[in-house]
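Here is a friendly walk through the model shown below. It may help to keep the viewer open while you read.

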Protein chains: 2
Amino acid sequence: CIGQFFHMKMHWPWLWITLCLLCPAMVCGGKVLVFPMDGSHWVNMNVIIEALHSRGHQVSVVRSSSSWYIKETSPFYTSITLNIDSGFEEDFITEFVGQLLAIQREGKSFWTRYKLEKEQAEQSLEMNEKMSRMLEMLFENKELMQSIQDAKYDLVLTDPVSPIGAIVAHYFGLPLVFNVRWTSHGEGHFAIAPSPLSYVPLTGTELSDKMSFFERMFNVFMFSFWEYQLAYYILPSYAGMIEKYLGPDIDYKSLFQAADLWLMRVDFVFEFPRPTMPNVIYMGGFQCKPSKPLPQHLEDFVQSSGEHGVIIMSLGTLIAELPRDLADDIAAAFAKLPQKVIWRYKGDRPASLGNNTLLVDWMPQTDLLGHPKIKLFVAHGGTNGVQEAIYHGVPILGLPLIFDQRDNLFRIEVRGAGKIVDFFTMNEHTFLQGIQEVLNDPTYTTNMQILSQLHRDQPMKPLDTALFWIEFVMRHKGAAHLRTESYKLPWYSYHSVDVILFLVGVVLIILGTLATLIRCLCSVCLRKKANVIF
Amino acid sequence: CIGQFFHMKMHWPWLWITLCLLCPAMVCGGKVLVFPMDGSHWVNMNVIIEALHSRGHQVSVVRSSSSWYIKETSPFYTSITLNIDSGFEEDFITEFVGQLLAIQREGKSFWTRYKLEKEQAEQSLEMNEKMSRMLEMLFENKELMQSIQDAKYDLVLTDPVSPIGAIVAHYFGLPLVFNVRWTSHGEGHFAIAPSPLSYVPLTGTELSDKMSFFERMFNVFMFSFWEYQLAYYILPSYAGMIEKYLGPDIDYKSLFQAADLWLMRVDFVFEFPRPTMPNVIYMGGFQCKPSKPLPQHLEDFVQSSGEHGVIIMSLGTLIAELPRDLADDIAAAFAKLPQKVIWRYKGDRPASLGNNTLLVDWMPQTDLLGHPKIKLFVAHGGTNGVQEAIYHGVPILGLPLIFDQRDNLFRIEVRGAGKIVDFFTMNEHTFLQGIQEVLNDPTYTTNMQILSQLHRDQPMKPLDTALFWIEFVMRHKGAAHLRTESYKLPWYSYHSVDVILFLVGVVLIILGTLATLIRCLCSVCLRKKANVIF
């Protein structure tokens with residue numbers, strides 16, 4: 001069916017374009033098997049699933065019965081529910097963030113912090129173990145496996161934070177497409193693209209592509225740390241399963257490296273320029289849309305700000321509540337501003353809250369960011385929020401907490417489009433100072449608007465690019481011609497160590513032979529001389 | 001003006017799209033300064049110049065008064081003529097190819113071949129010297145330089161086989177865009193993208209991305225050879241000029257590495273997958289167009305072939321004439337075929353020419369390749385011809401001679417879409433055998449048609465992609481966010497050699513200190529023991 005439509009596209013392109021424009025759902029549908037990651041990653045995946053659905057594709061989503069974000073029923077997909085705990089516990093992360101914040105602010109001992117970090121590492125280990133059991137449950141469910149086989153999917157779409165999708169794709173010989181920012185062992189590119197540590201900063205280092213000697217050393221150290229984490233905290237959870245179901249010749253890393261496409265949730269307006277590969281497709285900001293009109297009460301509130309404009313603040317879903325003194329500091333700082341403020345906050349109403357500040361449980365963030373009255377976004381620095389701020393050209397005051405948030409905000413700060421305030425040592429004064437700096441210095445807004453212009457100036461919208469390439473994989477049953485197989489080389493061959501050793505060996509042998517020859521000649525000469533003398 | 005149009009594009013996209021569709025030339029024009037390369041490279045550049053012109057841009061082309069390909073007057077550009085010999089001598093190359101062919105076929109001595117190759121290397125050196133003098137003439141012509149300055153060009157578009165364009169762009173601080181397959185020191189990617197020699201074959205090696213140990217060794221050897229050539233045959237011609245006009249801190253290589261965009265005349269249907277950079281835009285096949293109807297006499301000839309179809313043969317512009325026996329062999333082989341043959345050949349009519357073969361001085365190659373009756377393309381393997389064969393899905397019988405021809409055809413052969421016959425040892429029998437194999441085994445055609453489908457299945461046409469990015473550079477005065485500045489690092493920092501040596505040093509110092517401490521402790525203990533004994 002896809003073949004026929006491809007034929008039409010090749011030979012009667014105008015008919016094809018007219019058909020696509022008139023009725024996108026008429027495009028002959030493929031079948032996509034999705035292994036999503038729970039939590040905020042699901043928000044991203046769902047955008048692609050809805051878009052695939054709107055283009056007439058059938059989507060099946062594999063979820064755990066304990067999933068909170070991934071609903072069992074949806075108009076956009078059918079679900080395959082595994083009756084198991086996925087290991088994704090939002091409560092734990094929320095609690096961890098709360099504890100981290102308290103510990104940092106109260107200046108508790110190194111030991112307390114270490115215990116907390118260790119607890120988180122153990123939790124991650126446990127999450128991998130649970131995902132591994134989920135994998136086992138899937139493979140042992142012969143009926144389910146047969147039904148997946150019979151469904152004849154065109155491709156597996158997955159978030160490579162978990163390897164389950166990649167393992168299933170390999171098992172069924174299906175093309176594999178990643179919706180990715182990270183793999184379970186670090187930033188996505190590192191798995192396939194050469195990444196010279198001298199100018200490609202590791203995630204979590206808060207480094208740019210221009211580093212001093214000691215920064216480069218720190219980067220090398222962090223690289224070793226990621227490799228260690230992979231070897232001791234992640235690999236062991238899956239090694240047994242991979243050997244059991246895929247055989248002994250398949251290793252964990254190569255499952256990722258063999259993917260047909262990497263749809264990356266970044267672009268180079270946001271990320272530092274670095275080597276990439278032909279099968280990496282950039283779709284940073286694919287979830288961004290022009291803003292819709294605000295609900296009347298919000299519009300009225302925003303308009304009431306007059307010439308001063310509005311500040312919005314959100315720390316994402318992971319921070320439900322802040323320590324009381326911190327919330328008071330923030331509220332008091334806001335109260336001193338002539339701007340109006342919309343603050344998404346679920347905790348108790350701070351005593352110092354000014355009349356200019358509206359507390360909300362939820363807000364239409366992207367519609368607000370696109371509103372011309374919005375002057376500043378106070379954000380925790382999740383990738384989605386940062387990309388939306390870039391899209392709408394709103395400067396950021398960043399309060400990063402965990403994960404990639406500090407790195408995300410650092411990229412904005414380096415480009416002069418925002419500023420980071422240290423959440424852990426922050427008080428009313430420093431927070432207010434930060435806000436006023438970004439508000440009063442017009443270069444922040446100008447720089448963010450330049451980023452916005454660069455981001456929007458692409459040949460195709462990022463979501464359309466992603467859809468094109470997903471459908472490309474359907475049409476051609478993969479994207480082998482874009483994918484190197486160099487990962488199959490042993491490391492010493494990949495880095496030409498064997499060739500260099502061989503060449504050095506040859507040179508040494510030649511030199512050695514020459515030296516021996518010269519010595520022999522000399523000794524012969526000397527002996528002759530000696531014979532002459534005696 | 002561009003700013004205003006960009007504003008319109010951002011805020012009223014539909015108005016923008018309608019305008020673009022209704023009147024492409026209405027797009028507000030930029031000014032482009034072009035430093036082209038003479039010869040077949042000019043054919044490519046001219047395609048882009050015509051397209052830029054049709055989109056309302058003003059193009060100025062810097063040419064030498066001795067240029068044969070680059071005309072002084074054109075409806076598409078204004079020319080800036082330098083009254084100097086450009087050093088590009090087609091006659092020399094034609095003569096060289098003729099001599100090489102004769103020597104190879106007659107099996108002349110190694111010494112004769114060496115002399116010929118050396119002569120060619122000297123000619124290249126001379127060409128670089130001439131280009132360097134052209135550069136000097138340009139810089140010393142104060143009036144011309146002032147007029148370039150006053151013209152306020154938006155960018156310099158150049159073929160980096162010569163560094164003149166890059167030097168001028170640097171001098172005036174203009175954004176730099178390359179139309180490139182090669183730089184003067186090898187395949188374009190090598191200048192900016194990490195290129196592990198274990199799976200990225202050097203040009204001229206006839207290797208794929210899957211190499212044996214000795215092939216990898218050969219690749220490393222060829223890399224060293226290119227570096228040697230650059231250092232001893234190319235750099236000296238320009239070093240003085242660069243220091244004189246750009247100052248002592250600029251080196252030859254970094255002029256290339258600083259380019260904003262690399263418009264590459266390949267794509268990954270043709271090239272093996274390899275690391276790339278965000279500022280590399282692939283436009284392989286950008287010159288290809290759907291075929292137009294043939295002139296009546298050719299159409300009649302093609303139709304007269306009936307079910308057998310037609311073979312076309314062209315060895316490009318560089319081979320004017322073949323040795324008589326070789327031409328006879330080719331003609332005799334063709335005469336034995338049931339197909340009709342169109343052979344582009346300027347030499348004397350071979351005695352053995354059959355009735356089925358039409359000799360022509362010139363043919364509408366791309367229109368013929370797109371004709372459904374064409375079954376086979378006998379080609380020398382220039383990049384343009386190979387890309388056109390891919391575009392139209394016509395399998396190739398390759399007769400490579402010099403430059404990248406063997407590498408180009410090898411890529412087609414590896415993918416099973418064509419076959420190489422050794423031109424130097426070829427006779428009637430082996431040539432006929434080659435033709436029959438490609439004609440009778442349907443997998444050659446099938447494979448080429450798969451390549452054609454993959455090549456055509458892109459989100460945008462390659463030429464449109466190229467134009468988009470050229471205009472992107474105009475709109476944003478460069479593409480700094482896509483370009484790494486890692487080339488500014490010294491090599492030992494780029495490869496983290498300093499960091500590794502430092503870390504090894506630290507480990508050695510710690511070990512050394514420990515060893516000294518232990519030795520001291522031991523000797524103290526021993527002394528005490530000794531004191532006790534005595």
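Let us begin with a single side chain: Lys130(A) is buried, with a relative accessible area of 11%. Please keep in mind that this is a predicted model.

The partner of Lys130(A) is Glu126(A), and their side chains form a salt bridge with an N to O distance of 3.6 Å. Glu126(A) is partly exposed, at a relative accessible area of 40%. Both residues belong to helix H5 (residues 110–140) of chain A, where a spacing of four residues puts about one helical turn between them.

**Salt bridges**

Over all chains, the count of salt bridges comes to 49. Here are four of them, with their N to O distances.

| Salt bridge | Distance, N to O |
|---|---|
| Glu126(A) and Lys130(A) | 3.6 Å |
| Arg55(B) and Glu471(B) | 2.6 Å |
| Asp404(B) and Arg181(B) | 2.9 Å |
| Asp498(B) and Arg216(A) | 2.7 Å |

What does the pair Arg55(B) and Glu471(B) tie together? Arg55(B) sits in the loop between helix H3 (40–54) and strand S2 (58–64) of chain B, while Glu471(B) is part of helix H17 (residues 462–476) of chain B, so the salt bridge joins parts that are 416 residues apart in sequence. Glu471(B) counts as buried, at 7% relative accessibility.

The side chains of Asp404(B) and Arg181(B) also meet in a salt bridge. This pair links distant parts of the chain, 223 residues apart: Asp404(B) is in the loop between strand S14 (396–398) and helix H14 (405–414) of chain B, and Arg181(B) is in the loop between strand S5 (176–180) and strand S6 (182–183) of chain B. Both Asp404(B) and Arg181(B) are buried.

**Where the chains meet**

The size of an interface is often given as the accessible area lost when the parts come together. For chain A and chain B, the buried area is about 4400 Å², with 71% of it on carbon and sulfur atoms. Asp457(A), Pro459(A) and His481(A) supply 14% of the area that chain A buries against chain B, more than any other three residues. Each side brings 48 residues to the contact, 48 from chain A and 48 from chain B.

Six salt bridges are found across this interface. The side chains of Asp498(B) and Arg216(A) meet in a salt bridge too, at 2.7 Å from N to O. Salt bridges also link Asp209(A), Lys210(A), Asp260(B), Arg483(B), Glu485(B) and Lys488(B) in a network.

**Domains and sheets of chain A**

Chain A is divided into domain 1 (2–286 + 461–484), domain 2 (296–456) and domain 3 (485–516). Taken over C-alpha atoms, the centres of domain 2 and domain 3 of chain A are 57 Å apart.

In chain A, seven strands form an open sheet with parallel pairing, in the order S3-S2-S1-S4-S5-S8-S9. Strand S3 (78–82) and strand S9 (280–282) of chain A stand at the edges with a single partner strand each, so one side of each has no neighbour in the sheet. On average, neighbouring strands of this sheet are turned by 20° against each other, direction ignored. Within the sheet, strand S1 (residues 31–35) and strand S4 (residues 155–158) of chain A pair in the parallel sense over four bridges. Val32(A) has Leu155(A) as its bridge partner in S4(A).

Another open sheet of chain A has six strands in the order S12-S11-S10-S13-S14-S15, again with parallel pairing. Which strands stand at its edges, and why is one side of each left without a neighbour? They are strand S12 (357–360) and strand S15 (418–420) of chain A, and each has a single partner strand, so one side stays free of a neighbour in the sheet. Here neighbouring strands are turned by 15° against each other on average, direction ignored. Strand S13 (residues 374–379) and strand S14 (residues 396–398) of chain A are joined in the parallel sense over three bridges, and Ala379(A) has Gly398(A) as its bridge partner in S14(A).

**An enclosed helix**

Nine of the 10 residues of helix H13 (residues 383–392) of chain A are buried, so the helix is largely enclosed by the rest of the structure. Among the buried residues are Val386(A), Ile390(A) and Tyr391(A). Their cover includes helix H12 (365–369), S13, S14, helix H14 (405–414) and helix H16 (442–456) of chain A. Just after H13(A), Gly393(A) takes a positive phi of about 70°.

Terms used: Residues are numbered from 1 along each chain as its sequence is written. Chains are lettered from A and ligands numbered from 1 in the order in which they are written. This is a predicted model: local features need pLDDT of at least 70, side-chain atom pairs count only at pLDDT 80 or more; totals for chains, interfaces and linings use all residues. Side-chain values use heavy atoms; hydrogens and water are left out. Two strands pair if DSSP finds at least two bridges between them. Helices (H or I, at least four residues) and strands (E, at least two) are DSSP runs, numbered from the N terminus. Axes are lines fitted to C-alpha atoms, for helices over the stretch in contact, and angles run from 0 to 180 degrees between N-to-C directions. Domain bounds come from an automatic or database domain assignment. Contact means heavy atoms within 4.5 Å. Buried area is the accessible area (1.4 Å probe) that two parts lose on being put together, summed over both. A salt bridge is a side-chain nitrogen of Lys or Arg within 4 Å of a carboxyl oxygen of Asp or Glu. Buried means under 20% relative accessible area, exposed over 50%, partly exposed in between (1.4 Å probe, protein chains only).
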